[in-house]
Each structure stands twice: as structure tokens, then as C-alpha cells.
Amino acid sequence: KIVTVNTNGKNCKRGYEMNDLNVLTDSMLLLQDGKILDCLPNSAYNKLNFDKTIDLEGKCILPGLIDCHTHTIFAGSRANEFKLKLGGATYEEIAAAGGGIANTTLATRNASKSELIAIGKKWLAHFASLGITTVEIKSGYGLNEHDEIKMLQVIDELKKSSPLDIVSTYLGAHIVPGEYKLNRSAYIDLICQTMLPRIAASSLADFCDVFCESSAYSAGEMKLILETAKSLGIKPRAHIEQFNRIGGLEVALSLGAISVDHLEVMDANGIGLLSGSETVGVVLPGCSLFLKCAYAPARKIIDSGGLLAIATDFNPGSSHIPNLPLVLSLGALNMKLTIEEVISAATINAAKVLGRETITGSIEPGKTADLLILDSEEYTDLIYTIGKNMTYMTIKNGNIIYTNKHGLVHENN
């Protein structure tokens with residue numbers, strides 16, 4: 001089977017369109033110069049000449065998975081905080097006691113650039129083994145000019161050395177760092193007047209993100225930061241409505257944010273606003289599992305005709321789950337989504353979040369040959385077989401970068 005996730009040129013799937021994966025049988029995929037050239041019936045095989053063939057009988061081909069929201073670059077561990085969570089402590093209680101993001105910030109500031117690059121390479125190799133071909137990585141654990149730039153430079157180095165496509169996001173407005181607690185406006189000035197211009201001048205970030213929460217940044221502060229980013233050519237995204245509704249959604253939509261992420265406490269009014277926009281709602285079921293909190297209303301967003309993507313939110317504190325297929329299974333089980341919907345959410349709609357929808361995210365002629373080959377005939381096994389890596393092969397830009405027999409086999413683009 002070839003699961004094309006064909007969009008007929010729309011390059012996204014809205015509402016019930018997410019159930020149409022356009023699955024082909026008795027077919028072959030033609031690749032040339034790293035691109036998808038065509039998909040033809042197997043009966044045409046003997047009429048053509050090929051430089052190389054790969055026999056995938058008994059397998060299933062899907063678009064490469066896209067993880068559109070991660071915090072992959074960090075140092076240290078928050079395993080002790082996980083113990084506190086299991087004992088009943090909330091995310092916000094741990095943060096108020098000096099843990100959480102502040103804990104990871106200290107460890108990341110103390111880590112060298114080479115140490116962070118090594119950490120990133122380890123995780124990216126793991127992602128490739130799961131059939132992921134594109135990943136977004138945020139900064140946000142530096143929280144000062146030197147260390148935020150350091151994190152973005154690490155991401156930039158990984159872009160050059162990894163076979164995966166990497167999209168970078170500046171998240172200097174993750175929390176207000178401790179040294180600015182009594183003068184938060186000075187830190188926001190540092191972001192807008194110093195960090196963002198420097199990042200834009202060096203092309204270090206594709207997106208700018210803000211954590212809009214009662215314990216982080218207000219909707220007004222987010223508006224100022226994202227307006228500044230937009231004026232410098234950096235596209236806006238937003239963490240909103242994870243714990244509280246404080247107006248972040250309305251601000252994000254007014255600014256044309258590419259995505260709004262989390263949405264665990266989104267209400268019916270918010271669903272209506274989101275579904276009537278071109279902004280993608282990114283839901284993060286791994287975070288809900290990890291924090292034992294409500295799941296975002298993904299089912300209602302789709303039923304309302306909205307654009308929905310799913311990502312891991314992989315990070316050291318609230319979703320230490322570096323496994324997108326597992327998170328997709330959580331989406332199906334706990335958000336009442338169909339298998340087809342979660343596949344659409346982690347391929348073409350995730351590509352739209354990252355501005356890559358015309359390049360990747362579906363198997364259509366002219367797009368990059370980014371493919372996940374399942375060790376099964378049935379695409380349902382990606383979601384159904386929980387706890388087992390079903391990847392047989394990962395292909396990026398037409399190159400085999402991972403096989404389940406040889407591991408990571410291609411280290412450079």
C-alpha cells in the first residue's frame with residue numbers, strides 16, 4: 001500500500017478531509033533527484049528502466065512523519081520532578097518552587113555548545129529511526145542573550161549535519177528568567193530591541209514563539225513580542241490555553257499566527273474562532289498524559305472544520321516522550337480521533353505548521369521524497385502496535401537514512 005495523503009494541490013486537510021488518505025495498491029513509486037516523480041501501477045514496471053529498485057512487497061509507504069513542536073535541545077534531567085508529579089504536585093507548583101523550566105535553564109546555560117550538539121545528534125538519530133523526516137526545535141532554555149543565541153546556533157549546526165530537515169523557533173519568551181522577575185519589562189525590551197534583531201540579522205530562527213500563560217507572559221506582552229518578530233520577517237507561533245484562557249488566542253489570530261499550540265482548556269468560542277481561521281491548532285497529547293491533565297478538544301476542532309496537527313512537545317519536564325508514533329496513538333485513544341486523522345495531522349498538516357506544505361507532508365509529484373516505510377502491509381499498525389517501532393526504512397530526499405537492520409545509515413545530506 002502507498003498512503004499518499006494526497007491533497008489535490010491544497011497542501012492541507014481541514015475537518016473531515018483528514019480522513020481521506022488516498023491509499024493506492026498494486027503500485028510503485030518513482031523517485032528522481034530526491035523528488036517524487038510519479039506513482040504508477042506495478043504493471044508498468046517492465047516498460048521502464050531504473051537505476052535502482054527497492055522491493056517493498058508486504059510493506060506500506062507513508063509520507064515521512066513531521067514533529068512540528070519539540071524542545072529537543074536541553075541539558076540536565078528533571079526525573080526528580082517527575083517523582084513529585086507522581087506524588088500529586090502540579091506543573092505550576094513545581095515551577096513556583098524553582099523547578100520546571102528554570103531548572104532546565106540552569107543546566108542548559110552551563111552546557112557547552114559542543115555538549116548540546118552531541119545531545120541533539122542523539123535525539124535526531126532516534127527520530128530518524130521512527131520515520132520522522134522533519135522536526136521543529138525551539139530555543140527557550142537559555143533565557144538570556146548569550147544562551148538563547150547559543151541554542152539557536154546549536155540548532156543551526158544540527159541543520160548542517162543531520163539528514164533530517166530541521167526548523168528553528170526562537171522561544172526566548174518561555175518564562176521570565178529569575179534575574180528579571182522584578183523587572184519583566186526589561187527582559188521584554190531585551191527580546192524586542194536586542195535578541196530579535198540579532199536573530200533576524202543572522203537568520204537563526206524561522207519562527208518566534210511565546211508562552212502565553214498566567215505564569216509566563218500576558219496576551220499584551222505576547223502581542224508586543226510577536227509584532228516585533230513579524231516586522232523583522234520572523235513568523236509568529238504561540239503556546240496558548242494550556243492552563244488558562246487569558247486572551248492569547250485572539251491576539252495570535254489577529255497577528256496571523258501560523259499555529260496555536262496546546263489548547264487544553266480551549267472552550268467552544270475558541271474552537272469557533274480557530275476553525276474559522278487559517279491558523280493550525282497543534283495538540284500535544286503526550287503533555288496531557290505526562291501532566292495528567294485535560295486533553296485538548298481535537299475532536300471538536302476537526303468536527304468544526306478546523307486545521308489540526310499533532311506533535312510530541314518533547315521536552316524534559318512536561319512531555320518527556322521522544323516518540324511521535326506513540327503520541328499519535330494517544331491522540332487516537334484519548335482524543336477520539338481516527339487513525340486517518342492522526343496520520344494527516346502528523347504529515348501534511350504538520351508540514352503546514354512549519355511552512356513546508358508545498359515541499360513535503362504528502363506523496364505527490366514534485367514533492368521531496370520523504371518517506372516512512374512500515375514493516376507491515378497495514379498503515380493502521382503505525383497507531384495500533386503501541387510500544388513497538390514499526391519502521392522498516394526511512395527515506396529522506398530520496399536517500400535511505402535508516403533501516404531496521406542497519407540503524408542510521410546516512411549522516412549527511
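Helices (H or I, at least four residues) and strands (E, at least two) are DSSP runs, numbered from the N terminus. With those names in hand, let us take a walk through the structure. The model is a predicted one, in which local features need pLDDT of at least 70 and side-chain atom pairs count only at pLDDT 80 or more, while totals for chains, interfaces and linings use all residues. Residues are numbered from 1 along each chain as its sequence is written, and side-chain values use heavy atoms, with hydrogens and water left out.

A good place to start is a pair of loops. Lys336 is found in the loop between α12 (324–334) and α13 (339–345). Its phi is positive, about 60°, although Lys336 is not a glycine. Most residues other than glycine have a negative phi. Lys336 is also exposed, with a relative accessible area of 66%; here buried means under 20% relative accessible area, exposed over 50%, and partly exposed in between (1.4 Å probe, protein chains only).

Asp33 offers a second case, with a positive phi near 50° in a residue other than glycine. Asp33 lies in the loop between β3 and β4, and at 75% relative accessibility it counts as exposed. The two strands around Asp33 form a hairpin with 2 residues between them. Strand β3 (residues 27–32) and β4 pair in the antiparallel sense over 6 bridges, where two strands count as paired if DSSP finds at least two bridges between them. Within this pairing, Leu30 stands opposite Asp38 in β4.

Moving on from β4, we come to the loop between β4 (35–41) and β5 (60–63), which is the place of Leu48. Leu48 is partly exposed, with a relative accessible area of 34%. Together with Tyr45 and Phe50, Leu48 makes a nonpolar surface patch of about 240 Å². Patches are made of residues with over 30% relative accessible area and no salt bridge, with like charges joined within 9 Å and nonpolar side chains (Val, Leu, Ile, Met, Phe, Trp, Tyr) within 5 Å. The accessible areas come from the Shrake-Rupley method with a 1.4 Å probe, and for residues only the protein chains shown count as cover.

What about the inside? The largest nonpolar core has 115 residues, and those with the most contacts inside it are Tyr217 and Ile225. Its largest share, 8 residues, comes from helix α6 (residues 184–201). Apart from this core lies another, of 11 residues, among them Ile2, Ile61, Ile363 and Ala369. A nonpolar core is a set of buried Ala, Val, Leu, Ile, Met, Phe, Trp, Tyr and Cys residues joined through side-chain atoms within 4.5 Å.

Strand β7 is worth a close look. Of the 7 residues of β7 (residues 132–138), 7 are buried, so the strand is largely enclosed by the rest of the structure. Strand β6 (residues 65–67) pairs with β7 in the parallel sense over 3 bridges, and there Asp67 stands opposite Val135. β7 and β8 also pair in the parallel sense, over 5 bridges, with Val167 in β8 as the bridge partner of Glu136.

Glu136 leads us to the charged side chains. Its side chain meets that of Lys138 in a salt bridge (2.7 Å, N to O), a salt bridge being a side-chain nitrogen of Lys or Arg within 4 Å of a carboxyl oxygen of Asp or Glu. Glu136 is buried at 0% relative accessibility, and Lys138 is buried with a relative accessible area of 0%. Salt bridges that share partners join Glu136, Lys138, Asp209, Arg237 and Asp261 into one network. The structure holds 24 salt bridges, including one between Glu81 and Arg78 (3.1 Å, N to O). Glu81 is buried at 6%, and Arg78 is buried at 5% relative accessibility.

Another salt bridge takes us to helix α3: Glu179 pairs with Arg109, the closest N and O atoms being 3.0 Å apart. Glu179 lies in the loop between β8 (165–173) and α6 and Arg109 in helix α3 (residues 101–110), so the pair ties together parts that are 70 residues apart in sequence. Arg109 is partly exposed, with a relative accessible area of 24%.

Which residues of α3 are buried? They are Ile101, Thr104, Thr105 and Thr108. These four cover an arc of only 105° around the axis (taken from the directions from the helix axis to the C-beta atoms), which puts them on the same side of α3. The face turned away from that buried side carries the exposed residues Leu106 and Asn110.
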